[in-house]
Amino acid sequence: MLQEESDLSLIIAQIVQKLKGSNLYAQLERQAWACLQRPEIRLESLKEDIKEFFKASGWEKKLQNAVYSELNVYPLPSHPSAPPEHLKEPLVYMRKAQGSWEKRILKSLNSMCTELSIPLARKRPVGEQKELLNKWNEMGTDEPDLSLFRPVYAPKDFLEVLINLRNPNYENGDSLSFRTHLGLIQVPLKVKDIPELKECFVELGLNTGQLGIDDSTQVPPELFENEHVRIGQKVLVQQDSAAAQQYIRQGSPTALRAELWALILNISSQPEDVKLTASNDDYYFVFEDYLYQVLLCFSRDTSVLSHFAYNSASPPKSYIRGKLGLEEYAVFYPPNGVIPFHGFSMYVAPLCFLYHEPYKLYQIFREMYVRFFFRLHSISSHPSGIVSLCLLFETLLQTYLPQLFYHLREIGAQPLRISFKWMVRAFSGYLATDQLLLLWDRILGYNSLEILAVLAAAVFAFRAVNLMEVTSLAAAEAVLADLSTLKVMPLLQIFLFATVT
Amino acid sequence: MSRVLVPCHVKSTVALQVGDMRTSQGRPGVLVVDVTFPNVAPFELQEITFKNYYTAFLSIRVRHHTPLHTPSKWVTCLRDHCLMPDPHSEEGAQEYVSLFKHQMLCDMSRVLELRLILRQPSPLWLSFTVEELQIYQQGPKSPSLTFPKWLSHPVSNEQPAPRLEGLPDPSRVSSEVQQMWALTEMIRASHTSTRIGRFDVDGCYDLNLLSYT
């Protein structure tokens, strides 16, 4: 049909435009020039022969992976009349709410600067630069005095904003109706129910082998694990992103995980020039310094700015001192436009177990952030956005564990108040690391964060008996304080596929 | 295919409700919007675009220009087109929509008047409508954007035309033009997608406070 054809050509044009400026394009061009020397390239059939060469040498696969990556990350081209803010967030009231939230953060940051009489940014004096170079390897142990600094905001402040989110065109009256939502989130976003989740997460079903379940010590490895590892190795040899993404839905073997994640996120194996403004020396990263250095680099990485095209948030602006209002002196602050919150480093910490080369660790983290983590702390209507995840969690609980939900509500322990902090941090710091990595395997495999809400509901279901006996919010928090012994995959499987409703 | 905006007059919406409007509770679930084209001859409709605002289903009726003095009747050209897959939730509620000639059930040449029938069965929304309504007719055929054949294939099989004195070799000229064209395409493409990398202004990044605008 006419419309579909023109939609497809628009998508193709957009992807070609994106890839033209990339490293891969330059490499492909160089390869094409270099291969002209080869005997099998004939002038009469130049185009076809070069295409054949690309296919045989694996370059076509690299291009395929790049295209697949673009399709996964960037939203489809929108209607020609739609303004750019519509691509960031289609619902006007959500855009406004995100704008007010950002303004609050900016005010808080500005007042902190004024109170403590420090500027937002200034060039380090020469003496301090030398000091930093000398101490680069031990940065974690010798921090400046941060006792006067408060965190810009904590997850619970953000939760309060989400609780007060209202659609002005929605019937928000006090009278109960068939659609009254008894949880904290009061916006009518579309969320999946269990039958839809079962369809979506079909590879987590009871009849499919899983790492995290079918690789336990009681199960003989010949039944599933050996074959799964063999397939994983084959996928890595083929270097196919799409195949890797499908494969990892059943979990990744520990030995293959680092490479599989890099393949899915389309991270090249060449070390990229990570622009370190503090030092250009070869450095040795000690584990606990990784976090500090990765986040320092991250805050200065301007390539992160491109993700604001599809993020409902916008980067804060500032002006060079003395040039307020002059557009040629406007800059973004921080350079990457992302203001971190209390606990932000928890997004990086689990990755330190997988990657030991600094540039790879950094690239993986940056890609994970611009694909997934940014959605956990901005207000949007996206199905993987934190608002949808909260609503999905509450709806699952209200629908499939109504007694528990009602009881917790009655004692003043709204379930979301407990599970919010888990979801905002993608469970990092709450689960045991091996379990967390199995969970993040599925985030990559399904290209969605919905699994976080499903797991949160599954945890409540698992501890339902204990929770029915508590009589206060504090007691409920205590029951759910320690998740470190939980096994993630059995919980998910039982909640989705084995619960009698 | 290019399109030309047709100036139209969108009348205010009329709610269809059963019973006494003043005393009955509940909001209307059906609205009718009439679109007329004063001072425009009957035209062939190419495209309708609008921004949705919580309308769930859209039907469109059209009145055609008829020859002689036969009265023109209203014909349904779009029936219950779904804009919101779930009328109770936000999906599709504020999307930009385009409807094309080929989606219509009847011939759209010689359009006189349009009537949009908006339906929103869910009682949860306070109001619903469509905004930024624009009607387009087919414009003149735009010049082909593809590279003309004589430029992209400088070496042709046919006998070259006898060259006039003093003029440069046509195949050389065409290949040079082709190179220049390729360069401009490259520059245009790379302008938007290369990264900038630097965050300071001429080496300076002294900032005092954040800006609120």
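**A tour of two sites: a strand in chain B, a domain contact in chain A**

Select B:Val62 and B:Leu114: B:Leu114, which lies in β9(B), is the bridge partner of B:Val62. The model is predicted.

Extend the selection to the two strands concerned. Strand β6 (residues 57–64) of chain B is antiparallel to β9(B), and 8 bridges join them.

Keep B:Leu114 selected and add B:Val35, whose bridge partner in β9(B) is B:Leu114. Then show strand β4 (residues 30–36) of chain B beside strand β9 (residues 111–119) of chain B; this pair is also antiparallel, with 7 bridges. B:Leu114 is thus a bridge partner of B:Val35 and of B:Val62.

Next, move to chain A. Colour residues 1–77 as domain 1 and residues 93–139 + 270–374 as domain 2. Where they meet, domain 1 of chain A supplies 6 residues and domain 2 of chain A supplies 5 residues.

On the domain 1 side, select A:Gln27, A:Val73 and A:Tyr74. These lose the most area to domain 2 of chain A, together 71% of what the domain 1 side buries. Now select helix α4 (residues 59–73) of chain A, which gives the most to this side, with 3 residues. By type, the domain 1 side has 3 nonpolar residues, 3 polar and no charged.

What is the area buried between the two domains of chain A? Domain 1 and domain 2 of chain A bury about 440 Å² between them, with 53% of it on carbon and sulfur atoms.

Finally, look for polar links across the contact. There are 0 salt bridges between domain 1 and domain 2 of chain A, and 1 residue pair is in polar contact, both at pLDDT 80 or more.

Methods:
Residues are numbered from 1 along each chain as its sequence is written. Chains are lettered from A and ligands numbered from 1 in the order in which they are written. This is a predicted model: local features need pLDDT of at least 70, side-chain atom pairs count only at pLDDT 80 or more; totals for chains, interfaces and linings use all residues. Side-chain values use heavy atoms; hydrogens and water are left out. Two strands pair if DSSP finds at least two bridges between them. Helices (H or I, at least four residues) and strands (E, at least two) are DSSP runs, numbered from the N terminus. Domain bounds come from an automatic or database domain assignment. Contact means heavy atoms within 4.5 Å. Buried area is the accessible area (1.4 Å probe) that two parts lose on being put together, summed over both. A salt bridge is a side-chain nitrogen of Lys or Arg within 4 Å of a carboxyl oxygen of Asp or Glu. A polar contact is a pair of N or O atoms within 3.5 Å; within protein, one must be able to donate a hydrogen and the other to accept it, and residues adjacent in sequence count only if both atoms are side-chain atoms. Ala, Val, Leu, Ile, Met, Phe, Trp, Tyr, Cys and Pro count as nonpolar, Asp, Glu, Lys and Arg as charged, and the others, Gly among them, as polar.
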